[in-house]
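Please read the following report alongside the sequence and the three-dimensional structure, which are displayed here.

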Amino acid sequence: MSIDHSKIAEIIINTTIFGALSEDIRLMVASKMTEEVFNAKENIVNYGDKGDSLYLIESGLVEVIGKDVITDEEFVLAHLGPGDCFGEMSLLTGELRSATVRTFEPTKVLSLDNESFNKL
């Protein structure tokens with residue numbers, strides 16, 4: 001599937017993390033992003049995994065699920081939809097993921113991997 005980088009640059013202008021960048025920089029970021037589609041009830045990232053990508057929800061809905069370190073019970077931290085980002089803290093700090101992100105419905109995300117992020 002071919003990705004329209006101009007379309008991605010338009011999407012990311014409305015995000016907190018990329019919105020203040022110039023159009024040229026947004027196009028560079030867009031050229032490094034990949035598009036992934038997930039089914040309903042599918043994990044995009046898992047608690048404790050290495051944080052190696054930042055994700056931007058293009059369409060769909062996800063829940064961010066934390067884990068109680070004492071009881072090991074899961075709890076919902078947030079619900080995110082189109083235009084929301086996740087994974088940026090693990091990407092920036094290199095720490096393990098502190099939550100699982102699971103889809104409610106079919107969800108399309110744009111992702112930027114660690115290598116591309118560091119090159120930019």
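The text below takes up the strands and sheets, then a helix, and then the largest pocket.

The structure is a predicted model, in which local features need pLDDT of at least 70 and side-chain atom pairs count only at pLDDT 80 or more, while totals for chains, interfaces and linings use all residues. Residues are numbered from 1 along each chain as its sequence is written, and side-chain values use heavy atoms, with hydrogens and water left out.

**The sheets**

Helices (H or I, at least four residues) and strands (E, at least two) are DSSP runs that are numbered from the N terminus, and two strands are said to pair if DSSP finds at least two bridges between them. An open sheet of four strands, paired in the antiparallel sense, follows the order β1-β8-β3-β6; its edge strands are β1 (34–38) and β6, each of which pairs on one side only. Another open sheet of four strands has the order β2-β7-β4-β5, again with antiparallel pairing. Here β2 (43–45) and β5 (74–80) stand at the edges with a single partner strand each, so one side of each is left without a neighbour in the sheet. From one strand to the next, the twist in this sheet averages 30°, where axes are lines fitted to C-alpha atoms (for helices over the stretch in contact) and angles run from 0 to 180 degrees between N-to-C directions.

The table sets out three of the antiparallel strand pairs.

| Strand | Partner strand | Bridges |
|---|---|---|
| β3 (residues 53–59) | β6 | two bridges |
| β3 | β8 (residues 107–113) | six bridges |
| β4 (residues 62–67) | β7 (residues 100–103) | four bridges |

At the level of single residues, L56 has C85 in β6 as its bridge partner, and Y55 stands opposite F86 in β6, whereas S59 stands opposite K108 in β8. In the other sheet, the bridge partner of I65 in β7 is T100.

Strand β3 is largely enclosed by the rest of the structure, because six of its seven residues are buried, which is to say under 20% relative accessible area, with exposed meaning over 50% and partly exposed lying in between (1.4 Å probe, protein chains only). I57 is found in this strand and is buried, with a relative accessible area of 0%. The C-alpha atoms of I57 and E35 are separated by 9.8 Å, although these residues are 22 apart along the chain.

**Helix α2**

In helix α2 (residues 23–32), the buried residues are R26, V29 and A30. They cover an arc of only 100° around the axis, which puts them on the same side of α2; the arc is that of the directions from the helix axis to the C-beta atoms.

**The largest pocket**

A pocket is an open set of points, on a 1 Å grid over the protein atoms alone, where a 1.4 Å probe fits, with protein on both sides within 12 Å along at least five of seven lines, and lining residues have an atom within 4 Å of a point. The largest pocket has a volume of about 280 Å³, a volume being the space filled by probe spheres set on the points. Among the 15 residues that line this pocket, G87, E88, M89, S90 and S98 are the closest to its centre. Two or more lining residues come from each of β6 (85–86) and α3 (88–93), and α3 gives the most, with four residues.
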